[in-house]
Structures are given as C-alpha cells and as structure tokens.
Amino acid sequence: MSTKPEASDVTAPTSSRESSETLTITDNRTGSTYEVPITDGAIRSLDLRQIKVDEDDFGLLAYDPAFMNTASCRSTITFLDGDLGVLEYRGYPIEQLAEQSTYLEVAYLLVHGELPTKAQLDDWTHQIKMHTFVHENVKSFIQGFRHDAHPMGMLLGAVGALSTFYPDANKIHDAENRQLQTVRLIAKMPTLAAFSYRHNMGQPYVYPDNDLDYAGNFLGMLYKMTELKYQPDPRLERALDILFILHADHEQNCSTSAVRAIGSSLVDPYSAIAGGVAALYGPSHGGANEEVVRMLLRIGTKDNIPDFIEGVKAGRERLMGFGHRVYKNYDPRARIIKKACDDVFEVTGVNPLLSIATELEKIALGEEYFVSRRLYPNVDFYSGLIYQALGLPASMFPVMFAIGRTSGWIAQWLEMVQDPEQKIARPLQIYTGERRRAYLPLDSRS
Ligand code: CMC
C-alpha cells in the first residue's frame, strides 16, 4: 500500500553541496508537498524521483527531448549568454581572443584552464609540432576511400582509426597519457583533414612542415605543389587562425555532448572525438556552412532574395546560417567573421556571393518572421565565404570547423573524465509502445 510522503516531507539534497535556496513542489495527484534544493539555479532531476503516487510508482522524472532545459554537467570551460550574445573561453571574451591570441594559445587555454606563460606556450607549440605527422598506414587507408568521398566522412573514419594506432590511449585514468593523446589529436587533425582534401583532388599528400605555424602548415598541406617551401600569405594564415579560434569551443552543443556521452563509457578519446566529428557533420550543426554557400549559389542574384525569403516564411526553405539554439541575438562569432572577410577578400578578391549574403542578412533582419523568432546570423553564415575564397570546396567547410573544434572537444572530454560526478551517460525514456503481446507464429499473421 502506498506510504505517501507527508506534506511536511523535506528531501535531503542528493548532492553534498549546501544550498539555502529551495523549491517547494505540491503534487496535485496526492496533495503532498516536497522541498528540493536549488543549486546554481538548478534542481537535480533525481530529486524528483521521490515524488510518487504510491510505493510502486517509479517516481517523477523530467521529460526533455533535445535537452532544451537540462544541464548535463558542471563546466568551467566556456560561458555563453545567448540573449546578450556573449561568448567567453575560460572567462576571456571571444573578441579579445580573436583579436590578440593565436589558435594554439587558445587551445592551451581551453585544455589547461589558464593562458600559458611564454615558456609554456613555447613548450606546447613544440609538442604539437612534434606530433603533426601520422603513421604511413593512415595514408594507405585514406587512399582506400572513393575519389569523391566526402572529406568529413574520411576525417571521421581517420580519427576513429587513430585509436588503433595508439591502443595505449585507452588508459584514460592516467593523466600523462591523456596529455599525450590531447597533443596528438590537436596536432594530427589538420594533417588528416588535408590528406582528405588532397585525396579528393587526386593530388599527392603533403607532409607537415613544422617550420610553419599551425594555420600556415595546414594551408601548406592543402596547397603546396612543386615549390620547395610553401610560404602562406600572412593575412590568410591569420584569418584562418581566427576562424579556428572562433570555432574552438561552444559548450554543450550537439557534437560536444556526443563526445562527452561516448567518452562517458570510458572509451579512448579518438573514438569519442570521432563521434563528435559525426555529430558535427550534420547540416543543422557544422554542415550548415556548406549549406549556406549552396543556398547562396541557388539564390544566384540579389533579385531572387525576396522570393527566397517568401519560401522561408512559407516553410519551404530554411535560411541556413541563421538561428541558434542558444543565441537569440547576433552570434558574436558571426560579427568577427564578417570583419575577417574584409582581410581575406583583400588578398583573394571579393567573393561574389558576399553581396548576396549581406543583402540577404539585411532583408531577413527587417522581416517580422525572423525578428519575432529572434533569428540572427550564426557563425556559419559568413565562414563559408572565407573558406570559398581560400579555394576550398564546400565539402571541406565542416572539416575546417572540426579542426578548430578539436581543442574544445578534448578539453570537454578531459573535464568529463576527471569529474567525480559523471557516470556513463544513460538517459531514461517514456515508453509508449505495446506491452505483453503474445508471439504469433509466421503463418498465423495476416
Ligand atoms: N530558417 C528559417 N526558420 C528558422 C530557422 C532558419 N534558419 N531557424 C529556426 N527557424 C524557425 C523554426 O522553423 C521555428 O519556427 P516555428 O516556431 O514557427 O516552428 C523557430 O524558428 C524556432 O526554431 P527551432 O527549429 O525550434 O530552433 P532550434 O533551436 O531547434 O534550432 C537550429 C536551432 C540552429 C538547428 C536552427 O535555427 C537551424 O536549423 N538553423 C539553420 C542551420 C544552421 O545555420 N545551423 C548552424 C548553427 S550554428 C553552428 C553550430 O553551432 O553548429
């Protein structure tokens, strides 16, 4: 029989953290009242479990498809305020990092929590440079892909395969080992990405040049032909470095959540990050920059913009590069990228799609449909224009995103592995299917 909690029942916090703020819940099914602690503006879903109609009841749970209102971790890595359009890595505003820092310095910041000293940065840079090469067999299996394989698919396969080259990476409780895999991942991602590109082009793979900086070396592996030494244009190199900074982390987005969920099974980081690449591949996530350029090409001329916008409003089209789950304001990264476009186009000549993009943005931001839904340009709206100006095909755009995001994924994975509160990720479900049906032999089924 039910032993319903009395109205005065007070739940002990499931966490050891003290909280003076509480939430009182009255269950109208039973009339019982519960008090649950509020810590950092959140209640623990598990505190709801005590709310039962009778003893056999499983207990109340939170239903939250797509995790619209559920925090899955505590994190000190990235702060986002979607209403105000604020993004900070370890407390440093993205605008300052994009203006004054470098990608490798930002990667150090994300991974270690603090900006490096000069000596620490030199050592970190040296370590990354020492790990840019991949095993020769990696080349062989990239060669095994079809000539027109999507480079993101190749990257996904190649990153996962690295776990077979470094079987010791599964010693995830060994701090030194984790650091080694961290360096390897950040160092090798551009090499794998560039090999995928060269494979599509039918061109020989270019080995890393460790005299060059991170972005410059990547450009070299993409574009070096017969010249003895590839010399990147410093303005393009800097623009690319800024793009890597802007993409480095974005707290618990789809791909990062995938990395954490997969990593929570205690698998090696290459396997977890392959899952991140897979999640990023989708057109609602990192694949959006590719879709933006395809959309702009389809629109073709400024005259066609009004028709296109009508199609969006009627639900026939989606304005790619607009909207965000968190940002309900201008994505601060989009603002910085828009500015970086000018520097790149100074070298490459203006991308003709830019005028369509700026006009599209202007018209969309004046339309009630977008205003009322608070849809603004996101990071992907302008990044594709820069990649295109750099000579990259649209299929490479999500790959560029993945290179930058690797430092964020690994920082989040490191935090997750060391968080004593984390366990294997395992959501619940609300089962709505059939129950206890009698099996029918094949010849009895109509
Ligand atoms: N074009 C037209 N309508 C849109 C768009 C868009 N890009 N984005 C959202 N909406 C509408 C949507 O139809 C819905 O309207 P209604 O309320 O009438 O049904 C409303 O706005 C709310 O949208 P939602 O789909 O519930 O929002 P979400 O938070 O689930 O989706 C999103 C976020 C990014 C998936 C979505 O805005 C989208 O598909 N944008 C285009 C793809 C894109 O640019 N993705 C890159 C995101 S930034 C890079 C990254 O972090 O991966």
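Let's start at Glu-136, a partly exposed residue with a relative accessible area of 40%. Keep in mind as you look around that this is a predicted model. Glu-136 forms a salt bridge with Lys-139, and the closest N and O atoms of the two sit 3.3 Å apart. Both belong to helix H4, which covers residues 136–143; because they are 3 residues apart there, about one helical turn separates them. The partner, Lys-139, is buried, with a relative accessible area of 19%; that value counts as buried because the cut-off is under 20%.

Now move along the chain to Asp-148, which forms a salt bridge with Arg-146. Here the closest N and O atoms are 3.0 Å apart. Asp-148 is partly exposed at 44% relative accessible area, while Arg-146 is exposed at 59%.

Next, head for helix H11, which spans residues 288–299 and holds both Glu-290 and Arg-294. These two residues are 4 apart in the helix, about one turn, and they form a salt bridge whose closest N and O atoms are 2.4 Å apart. Glu-290 is buried, with a relative accessible area of 7%, whereas Arg-294 is partly exposed, with 40%.

Some salt bridges also share partners: in this way Asp-40, Arg-44, Arg-74 and Glu-421 are joined into one network. If you would like to keep exploring, the structure holds 23 salt bridges, among them the pairs Glu-136 with Lys-139, Asp-148 with Arg-146 and Glu-290 with Arg-294.

Conventions. Residues numbered from 1 in each chain as written. Predicted model: local features only at pLDDT ≥ 70, side-chain atom pairs only at ≥ 80, totals over all residues. Heavy atoms only, no water. Salt bridge = Lys/Arg side-chain N within 4 Å of Asp/Glu carboxyl O. Buried < 20%, exposed > 50% of the residue type's maximum accessible area, 1.4 Å probe, protein only.
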